Amino acid sequence: MKRNEVNRDDRVEAGEHLTLLIRSLRCAAFPAAVSVINKKIEKNMKIKNKPKRDELPEDADLCTYCQGKCCRYFALGLDEPVDWEDFEHIRWYVLHEFATVFTEDANWFLLVHTRCKNLDAQYRCADYYNRPSICRTYTTARCEYDDDWVYDKYFETPEQVQEYAEAFLGPREGDQIRSGR
C-alpha cells in the first residue's frame, strides 16, 4: 500500500464507531460532545497521518482521505440579529438538540449536526447517482478538508446567546432582577 492510500477496512471500522457513538449519545450537551466524538474517532482510526491538502497531487480525490465532514452537518444562512426578537429566535434554535449557531466573516448560520442518511460506513454516498443537486455541484476546492472547525462566534446554549445579546444590545427593559425603588 502506498503511503497516502487508505485501507477501506479501516474506514469501515471508523464509520461503525461513529454510528454507535451517535446512536448511544442522547444528551442535551450534544453539540459540545460532537468535537469530542470526532477527536476520539480520528484518534481510533487507522488513518493516523491524514495528508494535508498541499501534500496531495493536484488531481487527488480529497474524499478518499476524508471522514465525510461535509456530510455530517448542514448550515443555513441567517439574517444578522439586530434586536431582542432576533436573538430570541437564535435562543430557540440552540434549545434544539444537534443545533448550534455560528458566525463566519460577519455572516450568521444555523448549524445542524446531523449525518446524511446516505453516508455509508466508508464515508461515501450510498446513493451517489441519485444525490441531490447541492451535492452534485459541491466542490472540494474550498471544502473543510483541512479545517479545524473554528468560527468567529459559536453558540451552543441559550445562555451564551443571552449573554452575547446583552453585551451587544444592552440590558433588556423589564429584565431587572431587583424592583425599582
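How much surface does the protein chain expose, and what percentage of it do carbon and sulfur atoms supply? The protein chain exposes about 12700 Å², and carbon and sulfur atoms supply 50% of it; accessible areas come from the Shrake-Rupley method with a 1.4 Å probe, and for residues only the protein chains shown count as cover.

This is a predicted model, in which local features need pLDDT of at least 70 and side-chain atom pairs count only at pLDDT 80 or more, while totals for chains, interfaces and linings use all residues. Residues are numbered from 1 along each chain as its sequence is written, and side-chain values use heavy atoms, with hydrogens and water left out.

Let's start with the overall fold. The protein chain has 5 helices and 4 strands, taken from DSSP runs (helices: H or I, at least four residues; strands: E, at least two) and numbered from the N terminus. Along the sequence they follow the pattern α-α-β-α-β-β-α-β-α. Of the 181 residues, 31% are buried, meaning under 20% relative accessible area with a 1.4 Å probe, protein chains only.

Now look inside. The largest nonpolar core has 12 residues, including Trp84, Ile90 and Phe155. Such a core is a set of buried Ala, Val, Leu, Ile, Met, Phe, Trp, Tyr and Cys residues joined through side-chain atoms within 4.5 Å. These elements each give two or more residues to this core:

| Element | Residues |
|---|---|
| Helix 3 | 84-94 |
| Strand 2 | 99-104 |
| Strand 3 | 107-112 |
| Helix 5 | 158-169 |

Helix 3 gives the largest share, 4 residues. Leaving aside residues up to four places away in sequence, Ile90 touches Pro81, Val101, Trp108 and Val161 (contact: heavy atoms within 4.5 Å).

Conventions. Buried < 20%, exposed > 50% of the residue type's maximum accessible area, 1.4 Å probe, protein only.
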